[in-house]
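Trainee: Please take me through one part of this chain slowly, the aromatic rings and what surrounds them. Start with the overall layout, so that I know where I am.

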Amino acid sequence: GHLPDAGRSALLVRALATKLHFISLAQSEVDRMKQRYKDAADFQVVAQFGVEISLLGAKLNPNREEKRTLYQNAIASSKQFLERYSEGSAALAARKTLSEACLEFGRFLADEIEIARVEAPDTVRDLEAQAKEVFTTGVGACEDVMKQLESVKDDDPNAKADYYVIWMRKGVLLREHARAVKQDRGYLCDRARSTLEELIF
């Protein structure tokens with residue numbers, strides 16, 4: 001695209017992470033690229049890509065405590081990125097990453113809540129509050145992506161596909177929120193159902 005050099009470098013680093021699972025090496029390379037690409041547009045591509053690597057690291061890490069921290073870092077990094085860069089293709093990618101990170105971490109927390117109901121009931125309320133915040137953030141990110149794609153989806157097949165994938169993710173986030181947080185279950189099940197029904201029809 002308009003950033004061929006940074007884009008090619010990012011593809012190489014993505015291969016390190018996704019194909020070979022060299023997460024630490026990929027993260028180190030992202031840090032090096034941030035020093036190299038000072039142009040604002042290039043830097044946005046690299047910085048957002050670094051968030052993607054953090055999310056992938058969280059998914060692959062087998063240690064649950066480390067996984068928790070990595071998910072939290074990916075979400076925090078996405079939010080920080082969007083506070084600085086709110087428009088353009090890199091912001092769109094960051095919102096997609098944020099929605100995915102919230103879904104993955106939310107599911108992680110939902111599993112933690114189910115375990116806590118049996119093993120540590122006194123921690124359930126705090127875990128539910130955390131899950132609620134994560135799922136709400138994810139739904140908001142989905143809605144922001146859909147708004148950003150609304151005006152172009154009818155003319156761009158890729159944007160249209162992304163629009164419907166994110167719409168489905170919004171429904172799944174609502175469903176998983178309902179699964180995790182008992183007190184929100186009723187109205188969230190209704191929202192999830194209506195969201196997915198609207199998508200289907």
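Mentor: From the N terminus on, the elements of the chain run α-α-α-α-α-α-α-α. That makes eight helices and zero strands. Keep in mind that this is a predicted model. Buried residues make up 44% of the 201 residues in the chain. Among contacts with a separation of 6 or more, 64% are between residues 24 or more positions apart.

Now the rings. A pair of aromatic rings is described by the distance of the centres and the angle of the planes. Rings whose centres lie within 6.5 Å are taken as a pair. By this rule there are seven aromatic pairs. Take Phe-81 and Tyr-85 to begin with: their ring centres are 5.0 Å apart and their planes stand at 50°, so this pair is tilted. The label follows from the cut-offs, because planes under 30 degrees apart count as stacked, over 60 as edge-to-face and the rest as tilted. Both partners are buried, Phe-81 with a relative accessibility of 6% and Tyr-85 with a relative accessible area of 13%. The cut-off behind that word is under 20% for buried and over 50% for exposed, with partly exposed in between.

Set beside this the rings of Tyr-164 and Trp-167. Their centres are 5.9 Å apart and their planes are at 15°, so the pair is stacked. Where do Tyr-164 and Trp-167 lie? Both belong to helix 7, which covers residues 157–180, and they are three residues apart, about one turn of the helix. In accessibility, Tyr-164 is partly exposed, with a relative accessible area of 34%, whereas Trp-167 is buried, at 15%.

Two further items belong with the rings. Tyr-71, Phe-105 and Phe-108 form one aromatic cluster. At Tyr-163, a charge is involved: the charged end of Lys-153 sits over the ring, 5.0 Å from its centre.

Stay with Trp-167 and ask what touches it from another helix. One such residue is Thr-195, which has its place in helix 8, residues 185–200. Thr-195 is buried, at 7% relative accessibility. Leaving aside neighbours within four places in sequence, Thr-195 is in contact with Trp-167, Lys-170, Gly-171 and Leu-174.

Lys-170 in that list is worth following. Lys-170 is in helix 7, and at 15% relative accessibility this lysine counts as buried. Not counting residues up to four places away in sequence, Lys-170 touches Val-139, Cys-142, Glu-143, Arg-191 and Thr-195. Another position to note is Thr-136: Lys-170 and Thr-136 are 34 residues apart in sequence, with their C-alpha atoms 9.9 Å apart in space.

Helix 8 also holds Ile-200. Is Ile-200 buried or exposed? Ile-200 is exposed, with a relative accessible area of 67%, whereas Thr-195 in helix 8 is buried. The C-alpha atoms of Ile-200 and Tyr-164 are separated by 9.7 Å, although the two residues are 36 residues apart along the chain. This leads back to Tyr-164, one partner of the stacked pair.

Now to another part of the chain. Ala-74 is in helix 4, and at 0% relative accessibility it counts as buried. Not counting residues up to four places away in sequence, Ala-74 touches Val-51, Ser-54, Leu-55 and Ala-101. Ala-74 and Cys-102 are 28 residues apart in sequence and 9.1 Å apart in space, C-alpha to C-alpha.

Val-51 leads on to an empty space. Rolling a probe the size of a water molecule over the atoms shows where empty space is left. The second largest pocket holds about 240 Å³ of space. Its lining consists of 15 residues, and those nearest its centre are Lys-34, Ala-47, Gly-50, Val-51 and Ser-77. Helix 2 (23–36), helix 3 (40–60) and helix 4 (64–84) are the elements that give two or more residues to this lining. Helix 3 gives the most, with six residues. Sorted by class, the lining has seven nonpolar, five polar and three charged residues.

Methods: Residues numbered from 1 in each chain as written. Predicted model: local features only at pLDDT ≥ 70, side-chain atom pairs only at ≥ 80, totals over all residues. Heavy atoms only, no water. Phe/Tyr/Trp six-rings, centres within 6.5 Å; stacked < 30°, edge-to-face > 60°. Buried < 20%, exposed > 50% of the residue type's maximum accessible area, 1.4 Å probe, protein only. Helix = DSSP H or I, 4+ residues; strand = E, 2+ residues; numbered from the N terminus. Lys NZ or Arg CZ within 6 Å of the ring centre and 35° of its normal. 1 Å grid on protein atoms, 1.4 Å probe; cavity = no way out; pocket = protein on both sides within 12 Å on 5 of 7 lines; lining within 4 Å. Points joined across faces, edges and corners; volume = space filled by probe spheres on them. Nonpolar A, V, L, I, M, F, W, Y, C, P; charged D, E, K, R; others polar. Contact = heavy atoms within 4.5 Å.
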